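Work through the exercises below with the model open. Try each task before you read its solution.

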Amino acid sequence: MRVHGDIVRAGPIGTLGAMRSLSDSRRLATSIVVLGLLVFALPNSASAHTGFDFSDPADGDTVTQPVTEVTVGFTSEVELVGNGFEALDPQGTLREPSVVSDDDQVFTLLFDPPLAGGGVGIRFEVRAPDGHVLSDSFSFVVDAPVASVPST
C-alpha cells in the first residue's frame with residue numbers, strides 16, 4: 001500500500017509536470033513545422049540559379065521536316081558568352097546560327113540552310129545575372145533528307 005500511496009502522491013504533481021512538458025513539446029513541434037513551411041514557401045532568390053528550361057525541338061526528339069528554327073529557353077534572363085550557341089549538323093559541320101531574342105530568356109536560333117539528314121547537337125554557353133556561367137548541350141534527330149542544291 002505504501003508503494004500505491006507514493007504513486008498517488010506523486011501522480012498529480014507528476015501529471016501536472018508531464019502536461020506542462022507535453023504542452024511545451026507540442027508548441028515546439030508546431031513552431032518547427034511552421035518554420036519549415038515558411039522556409040519552403042517563401043521565394044529564395046539567393047539560392048536560385050538560372051537554368052536551362054526547354055528547347056524546341058526538345059532533347060531526344062525526332063522531327064520529320066528540315067529545321068530552320070530552334071527555340072531555347074532559360075529560367076531567367078541570360079547573356080550569351082563566347083559563341084553563345086553552336087550547332088553540329090548531321091554532316092559534321094559546326095554552324096553558328098543567327099540568334100534572336102526579345103527578352104534574353106527565350107532565344108530563337110535561325111538556320112539557313114535548314115538542318116536535315118540526321119543527328120543535330122546544339123551547344124550553348126550563357127551567363128546569369130549573378131555571374132554563374134551555364135554551359136550545356138542537347139540533341140535531336142532530323143529525319144528528313146538534306147535538300148539538294150540545284151547545279152548551275
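Contact means heavy atoms within 4.5 Å. The model is predicted: local features need pLDDT of at least 70, side-chain atom pairs count only at pLDDT 80 or more, and totals for chains, interfaces and linings use all residues. Residues are numbered from 1 along each chain as its sequence is written, and side-chain values use heavy atoms, with hydrogens and water left out.

**Exercise 1. The chain overall**

Task: state the secondary-structure content, the share of buried residues and the share of long-range contacts.

Solution.
- Step 1. Take helices (H or I, at least four residues) and strands (E, at least two) as DSSP runs, numbered from the N terminus.
- Step 2. The chain holds 1 helix and 9 strands. Their order along the sequence is α-β-β-β-β-β-β-β-β-β.
- Step 3. Apply the burial cut-off: buried means under 20% relative accessible area (1.4 Å probe, protein chains only). Of 152 residues, 24% count as buried.
- Step 4. Take the contacts with a separation of 6 or more. Residues 24 or more positions apart account for 61% of them.

**Exercise 2. The two sheets**

Task: give the strand order and the edges of the 4-strand sheet and of the 5-strand sheet.

Solution.
- Step 1. Two strands pair if DSSP finds at least two bridges between them.
- Step 2. The 4-strand sheet is open and antiparallel, in the order S1-S3-S7-S6. Its edges are S1 (52-56) and S6 (98-100), each paired on one side only. The twist averages 20° from one strand to the next, with axes fitted to C-alpha atoms and angles run from 0 to 180 degrees between N-to-C directions.
- Step 3. Check one edge. S6 pairs with S7 (residues 106-115) in the antiparallel sense over 3 bridges. Val100 faces Thr108 in S7.
- Step 4. The 5-strand sheet is open and mixed, ordered S2-S9-S8-S4-S5. S2 (62-63) and S5 (94-95) are the edges, each pairing on one side only.
- Step 5. S4 and S5 run antiparallel, joined by 2 bridges. Leu88 lies opposite Leu94 in S5.

**Exercise 3. Glu86**

Task: where does Glu86 sit, and which residues does Glu86 touch?

Solution.
- Step 1. Glu86 belongs to strand S4 (residues 79-88).
- Step 2. Glu86 is buried and has no salt bridge. A salt bridge needs a side-chain nitrogen of Lys or Arg within 4 Å of a carboxyl oxygen of Asp or Glu.
- Step 3. Lys and Arg count as positive, Asp and Glu as negative; His and the chain ends are not counted. The nearest side chain of opposite charge is Arg123, 4.0 Å away.
- Step 4. Look for a polar contact (N or O atoms within 3.5 Å, one able to donate a hydrogen and the other to accept it; residues adjacent in sequence count only if both atoms are side-chain atoms). The side chains of Glu86 and Asn83 make one at 2.6 Å.
- Step 5. Leave out residues up to four places away in sequence. Glu86 then touches Leu94, Arg95, Glu96, Pro97, Gly121, Ile122 and Arg123.

Definitions and conventions:
Buried means under 20% relative accessible area, exposed over 50%, partly exposed in between (1.4 Å probe, protein chains only).
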